[in-house]
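Biologist: I am new to this structure and would love a close look at one part of it. Could you walk me through it at an easy pace?

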Amino acid sequence: MSVITFELKKEHILLLTKLRWNLQYANTLYVSQFGENETQDLINIYEEVDLILNGKPEIFDPSDFRDYTPEQKAGWDLLLSELPTALDILLYTGSFDLGHYKTKYNIRLWKKNEDVV
């Protein structure tokens, strides 16, 4: 039987706490944006993630365009793609306990994996 493993990190929780949720058409829940920015778009998603995870730089000008490395973008893309699983673990376990979790591929029964350090 296949097992799904996942590492819940502080970055997942930081990003999840900044998500803004909305209802669309009375029965569809979707994530509209991060942070306080009312005009979220794909171009500035990396800026939002950078601010959430790293804070504002000492000299901060919101009009400055930041050029992120492909490695930074790939890392943030991975974190963003993992958010549904991170949220599932938080909701299922009712805990914000960071670490490694596992479940069977066909059952949503997340357990903390104490064997992994």
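Biologist: To begin, where is the place of Y92? Please take a close look at that part, and then show me what else there is to see.

Modeller: Happy to! Please keep in mind that this is a predicted model. Y92 has its place in helix α3, which covers residues 70–93. With a relative accessibility of 34%, Y92 counts as partly exposed, because the partly exposed class lies between the limits of 20% and 50%. Y92 also takes part in a surface feature: together with I107 and L109, Y92 makes a nonpolar surface patch of about 240 Å². As for the whole surface, the accessible area of the protein comes to about 8,300 Å², and carbon and sulfur atoms account for 55% of that area.

Helix α3 holds another aromatic residue worth a visit, W76. W76 has a relative accessibility of 8%, so W76 counts as buried, the limit being under 20%. Y68 counts as buried too, at 10% relative accessibility. A pair of aromatic rings is described by the distance of the centres and the angle of the planes. For Y68 and W76, the centres are 5.0 Å apart and the planes meet at 75 degrees, which makes the pair edge-to-face. The protein has 2 aromatic pairs in total, and Y46 joins Y68 and W76 in one aromatic cluster. Across the protein, buried residues make up 30% of the 117 residues.

Now let us step back to see where helix α3 fits. The protein has 3 helices and 5 strands, and along the sequence they follow the pattern β-α-β-β-α-α-β-β.

Next comes the sheet. Strands of a sheet pair through backbone hydrogen bonds, either parallel or antiparallel. Here, 3 strands form an open sheet in the order β1-β4-β5, with antiparallel pairing. Strands β1 (3–8) and β5 (111–112) stand at the edges; each has a single partner strand, so one side of each is left without a neighbour in the sheet. Between β1 and β4 (residues 99–104) there are 6 bridges, and these two strands run antiparallel. If you would like one bridge to find on screen, start at T5, whose partner in β4 is K102.

One last number describes how the chain comes together: of the contacts between residues at least 6 apart in sequence, 47% join residues at least 24 apart.

Methods
Residues numbered from 1 in each chain as written. Predicted model: local features only at pLDDT ≥ 70, side-chain atom pairs only at ≥ 80, totals over all residues. Heavy atoms only, no water. Phe/Tyr/Trp six-rings, centres within 6.5 Å; stacked < 30°, edge-to-face > 60°. Buried < 20%, exposed > 50% of the residue type's maximum accessible area, 1.4 Å probe, protein only. Patch = residues over 30% accessible without salt bridge, like charges linked within 9 Å, V, L, I, M, F, W, Y side chains within 5 Å. Areas by Shrake-Rupley, 256 points an atom, 1.4 Å probe, with all protein chains shown as cover. Salt bridge = Lys/Arg side-chain N within 4 Å of Asp/Glu carboxyl O. Helix = DSSP H or I, 4+ residues; strand = E, 2+ residues; numbered from the N terminus. Pairing = 2+ DSSP bridges. Contact = heavy atoms within 4.5 Å.
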